[in-house]
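Here is a quick tour for anyone meeting this structure for the first time. Have a look at the model first, and then we'll walk through a few of its contacts.

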Amino acid sequence: TRTCRFCDAELPAGYTFAEAPAPSMASVCESEYCRERVATTCHVTLPCGHHCHGCFGEAEHLPCLYGCAPDAGADQDDYCSICYAEPLRCAPSIRLTCGHVFHKDCVSMQVAPKWNGPAISFSFSKCSLCKADLDHPMLTEELAPVRALFENVKNKALQQLAADGLEDCEELGNPMSQYFNDPLGFALHRYNFYKCHKCREPYFGGERVCGAAGAA
């Protein structure tokens, strides 16, 4: 029995999607949901003979998720670890530089709202599994303003650390400390930064412990 490659709906005998742009899309049902996926999913059939489950227009194809590529990092039936609603094969997916695979749209939806609350945080721009920075060619454009903001906040955080005379503090010099030889991590943990509603630039907003006390 043949099923739709996106939603697993059973297809009639002899059925072929009339508007299939490539053989890899022949087994797509007539639902609007699945027809929309055709436009955003890679149309390539991989050398192994399986469909590519990557994104349309990608420069480098997602490795086969059917077990042919031992370094794929995921299986076609694995659920996306962001939405937990559908297997990876049900929507165009990307493999991040860290090696983890997610639905492309799920990563974009993670990035779009940015941080929660008034204080700037960059946890939204991290892999949900390993916390490495999100990185993939298909994300370059949407991550560009995030990268620019991070560089701005980074510079201000390190400047504030120097202004407070904390460049040689115990937290940075103690090998047992979480922030040993990590001035940036310590500064981002210690200070709050906010985005100005007028100029849209980040500004120093005091120590994080003070903000927490004020919220309490």
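Let's start with a charged pair: E142 and K104 form a salt bridge, their closest N and O atoms being 3.2 Å apart. The term stands for a side-chain nitrogen of Lys or Arg within 4 Å of a carboxyl oxygen of Asp or Glu. This pair links distant parts of the chain, with E142 in helix 3 and K104 in helix 2 (residues 104–111), 38 residues apart. Helices (H or I, at least four residues) and strands (E, at least two) are DSSP runs, numbered from the N terminus. E142 counts as partly exposed at 28% relative accessibility, while K104 counts as buried at 12%. Here, buried means under 20% relative accessible area, exposed means over 50%, and partly exposed is in between (1.4 Å probe, protein chains only).

Before going further, a word on what you're looking at. This is a predicted model, where local features need pLDDT of at least 70, side-chain atom pairs count only at pLDDT 80 or more, and totals for chains, interfaces and linings use all residues. Residues are numbered from 1 along each chain as its sequence is written, and side-chain values use heavy atoms, with hydrogens and water left out.

How confident is the predictor? pLDDT is its confidence in each residue, from 0 to 100, and the mean for the protein chain is 94, with 97% of residues at 70 or more. Among the elements, strand 2 (residues 101–103) has the highest mean pLDDT, 98, and helix 6 (residues 208–215) the lowest, 64. Where pLDDT is low, the predicted coordinates should not be read in detail.

Back to the charged pairs. The whole structure holds nine salt bridges, and here are some of them:

| Pair | Closest N to O distance |
|---|---|
| E142 and K104 | 3.2 Å |
| R35 and E19 | 3.1 Å |
| R37 and E86 | 3.5 Å |

Take R35 and E19, whose side chains meet in a salt bridge. R35 lies in helix 1 and E19 in the segment before helix 1, so the pair ties together parts that are 16 residues apart in sequence. R35 is partly exposed, with a relative accessible area of 31%, whereas E19 counts as exposed at 51%.

Next comes R37, which sits in helix 1 (residues 32–40). Is R37 buried or exposed? R37 is buried, with a relative accessible area of 14%. The R37 side chain meets that of E86 in a salt bridge. That pair links distant parts of the chain, since E86 is in the loop between helix 1 and strand 1, 49 residues apart from R37. Leaving aside neighbours within four places in sequence, R37 is in contact (heavy atoms within 4.5 Å) with F6, E86, C90, A91 and P92.

There's also a linked group: D8, D77 and R89 form a network of salt bridges.

Now for something without charges. Helix 5 (residues 183–190) has L184, G185, F186 and A187 as its buried residues. Their cover includes helix 3 (140–163), helix 4 (170–173) and strand 3 (191–195).

Y84, found in the loop between helix 1 and strand 1 (93–95), counts as exposed at 56% relative accessibility.

Terms used
pLDDT = per-residue confidence, 0-100.
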